[in-house]
Amino acid sequence: MNIGFLCPGQASQKVGMGIDLYQKTDLGKKYFDIANEIMEKDIQKIIFEGPEQKLKETKFTQPAIYIVSVIIGKLLINKGIKPNCAAGHSLGEYTALTLANSFDFRTGLELVKIRANGMQEACKNNDGSMAAIIGLKDNEVKNICKSYTGGVVVAANFNSKNQVVISGEKDAIKNVIDIMLESGAIKAVELNVSGAFHSPLMGAAKNILAEKILSTEINDTDIPVYANVSSKPLVQASKIRLSLIDQLESPVLWHQTITNMIHDGVKLAIEVGPGRVLKGLSKRIDRSLNMTSIESHEEIINYQSVSYTHLRAHETRHDLVCRLLLE
């Protein structure tokens, strides 16, 4: 059975996530201790206790999700649940690359820290926003954004078919929302985010991150990792570097990624990290993909109670897979 790990991005965080991993596993405690050292702050206290508003700050949100997601992924791998490939939504791509051994946890968190700080600073310097557009096709949204001349606005996240997130200057977003609705969008809602992620307004953050990435040791991956910027699987370190640099200003091709993974033989996808966002998106992209989410120590233990060897011996039996692996 081909298994893909899907790693969540920003907005999947919640206060208290990962506390069971810290309390009940040696790996969890080790990684949280390393995280405090790298962050030069008691990041575990922010994650475990909040307040929520502080955890929502980009400079804390991104490292927090990365830390918890990597721990979950490593614990699954250590227990024999090994992916054939991986992908991550925006920030989640760093988790996917860590689990694919392109770089270790410490290196990944150092990159995420710089990325998060740079993005938060870019948000302060640019009055940006994002909005979800539902009911228009990808090309329709892209064309409307390209034709708008009143400010910066681009298609930023192709999350599922007929759901695209746009990103750009705040006033431009408000104006383009009206145009989208006039053009037949079922719904267009401005999102409660701190800035215009995956848009040209992230240019300063991209430059800072690029300098760090170019000086960081990055290895070829053990398994293919599907890149946000192309939706294609990458293995070579040189291509991974360029992809991570381009990612901050480029759209996340998420539904294209999931479609490509299925086409390449993925039968089961596991959302590795907090929340159920990617599971929900996957249902809207292609219901043929068996999908589950794991975000706690208990779920890891329960998942292991299923005989993985037995499932592999009967991987063509769709009913067995659904009964034992899906929530």
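1. A disulfide is counted here when a pair of cysteine sulfur atoms lies within 2.5 Å, and this cut-off is worth keeping in mind while reading the predicted model shown above. In general terms, a disulfide is a covalent bond between the sulfur atoms of two cysteines.

2. How many disulfides does the structure hold? The structure holds zero disulfides, and two of the cysteines can serve to illustrate this. For Cys145, the closest cysteine sulfur belongs to Cys123 and is 18 Å away, which is too far for a bond. For Cys7, the closest cysteine sulfur is that of Cys85, and the distance of 11 Å is likewise too far for a bond.

3. Are these two cysteines buried or exposed? Cys7 is buried, its relative accessible area being 0%, and Cys145 is also buried, with a relative accessible area of 5%.

4. Turning to the loop between strand S1 (2-7) and helix H1 (19-24), one finds Pro8 there, and although Pro8 sits in a loop, this residue is buried, with a relative accessible area of 0%. Measuring along the sequence, Pro8 and Met119 are 111 residues apart, while in space their C-alpha atoms are 18 Å apart.

5. Which residues form a positive surface patch? The patch is made up of Lys41, Lys54, Lys59 and Lys124. Of these lysines, Lys41 can be placed in the loop between helix H2 (26-39) and helix H3 (43-49). Lys41 has a relative accessible area of 40%, and it is therefore described as partly exposed, since that term covers values between the limits of under 20% for buried and over 50% for exposed.

Terms used. Residues numbered from 1 in each chain as written. Predicted model: local features only at pLDDT ≥ 70, side-chain atom pairs only at ≥ 80, totals over all residues. Heavy atoms only, no water. Patch = residues over 30% accessible without salt bridge, like charges linked within 9 Å, V, L, I, M, F, W, Y side chains within 5 Å. Areas by Shrake-Rupley, 256 points an atom, 1.4 Å probe, with all protein chains shown as cover. Salt bridge = Lys/Arg side-chain N within 4 Å of Asp/Glu carboxyl O. Lys, Arg positive; Asp, Glu negative; His and termini not counted. Charge placed at Lys NZ, Arg CZ, Asp CG, Glu CD. Helix = DSSP H or I, 4+ residues; strand = E, 2+ residues; numbered from the N terminus. Buried < 20%, exposed > 50% of the residue type's maximum accessible area, 1.4 Å probe, protein only.
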